[in-house]
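Thanks for sharing this one. Here are some notes to read alongside the coordinates, as numbered points.

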Amino acid sequence: MDGDGPRPSGDAQAEARGGRVESAEGFLETLERSDLPPLRGGRHPGEGFRADVANRALGPLRLTELVTPQGECFRDARSARARDSGLWQVEVVLRGQVRAEQGGRTAVLGPMDLVLIDPVRPVRFASSATTHVTMLMPRHLLRLGADEAARLVGVGIPGSRGPGALVSSLVRDMTRTVDGFRAHEADRSAAAVIELVAVTLAARLGDVRPVEDEVLRTRVVGYIEARLSDRDLTPAKVAAAHHVSVRRLHKLFQDQPLTVAALIRRRRLERCRADLARRDTTVAAVAASWGFTDPAHFSRLFKATYGHSPRARVSNDGAPIVNDRLVGAREDGDRKATKRKGL
């Protein structure tokens, strides 16, 4: 071959790997050999099993066309691989119907619809007899922030209109037309496809944010409420538990009466105030039981909030406190307090 002719790059191979598979176990093994994110077997009704797997690559893009019978499969935390953390997975349905569940969301996809999947998080698929394409791409090329990803994984994207329709049409054709590219042609073509995926996701992002914020905020509040006695309960820990950044968590509460740290502190103080009404306890014991590690700091917070010291709360054999009123903590004071120890 002379230097001017088409030169397939190492990432744009003419020959597809995979082929015909006639058992559910063999199908999952073929996927693993194809270096796709692993899946585990589920329900496959019917006597016979027949599937086709065809793998292609275009620069940094990896595409696998799958023709599968009706059935279910899943990935749990045990089967996830660390090396897949550098990838994003986009599923595009060409024929049939697929139900994809991830991140507490369920996407029901028909022909040409697509969904973003995180390949290292648990996921479950259930489908009719389908033809669909799994497209894998490096995360750094898609430039999708952690906050945006948290709002998009598991959200169905229509492939009948807008940029989603362009992505679906391209993916449908790409599995058959990626041969014969020079290396630089493959890279530039892949970059164009990834950019179109980014445009599609950005368009969908504007549709899902308000409802998702409310749902996520409710989950965060419930998580905090159940873990108030945890001394290590911090905004960073809350954010990590919900797979979002600390910045995203703070933004989620920016229009609320209290910041996340202030909410944790206020709810802890309310629990302490209720416990201090009992006569068979001490201030130090109550403070420690609700996550306050510094008794002096706790006393200052309690007095600033309720107008009297915690010791006064348990004085006189538990007699009612005169002028026991709530002093509203100023928001700027709440924010400054997040930097002090003993949240």
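1. Let me start with Phe292, which has a relative accessibility of 2%. That is under the 20% limit, so Phe292 counts as buried. Please keep in mind that this is a predicted model, here and in the points below.

2. Phe298 goes a step further into your side-chain picture: its relative accessibility is 0%, so Phe298 is buried as well. Its ring pairs with that of Phe302, the centres being 5.8 Å apart and the planes at 55°. An angle over 60° would be needed for edge-to-face, so this pair is tilted.

3. Where do Phe298 and Phe302 lie? Both belong to helix 10, which covers residues 295–306, and they are four residues apart, about one turn of the helix. Phe302 has a relative accessible area of 0% and is therefore buried.

4. It is worth looking at the aromatic pairs as a group. The count comes to four. In one of them, the ring centres of Phe292 and Phe298 are 5.0 Å apart with the planes at 45°, so this pair too is tilted. Ring pairs tie Phe292, Phe298, Phe302 and Tyr306 together as a cluster.

5. Which ring has the charged end of Arg139 over it? The ring is that of Trp88, and the charged end sits 3.8 Å from the ring centre. I would enjoy seeing this contact in a figure.

6. Now to the strands. Strand 7, residues 98–102, has two faces: Val98, Ala100 and Gln102 are on the covered one, while Arg99 and Glu101 are on the uncovered one. A view along the strand would show this nicely.

7. What is the sense of the pairing between strand 7 and strand 8? The two are antiparallel, with five bridges between them, strand 8 being residues 105–109. Gln102, on the covered face of strand 7, has Arg105 of strand 8 as its bridge partner. Two residues lie between the strands of this hairpin, and there Gly103 adopts a positive phi near 65°.

8. Strand 7 also pairs with strand 10, residues 123–127; these strands run antiparallel and are joined by four bridges. Arg99, from the uncovered face of strand 7, stands opposite Ala126 of strand 10. Strand 7 thus has antiparallel pairings with strand 8 and with strand 10.

Terms used: Residues are numbered from 1 along each chain as its sequence is written. This is a predicted model: local features need pLDDT of at least 70, side-chain atom pairs count only at pLDDT 80 or more; totals for chains, interfaces and linings use all residues. Side-chain values use heavy atoms; hydrogens and water are left out. Buried means under 20% relative accessible area, exposed over 50%, partly exposed in between (1.4 Å probe, protein chains only). Two strands pair if DSSP finds at least two bridges between them. Rings of Phe, Tyr and Trp (its six-membered ring) pair if their centres lie within 6.5 Å; planes under 30 degrees apart count as stacked, over 60 as edge-to-face and the rest as tilted. A charge sits over a ring if NZ of Lys or CZ of Arg is within 6 Å of the ring centre and within 35 degrees of the ring normal.
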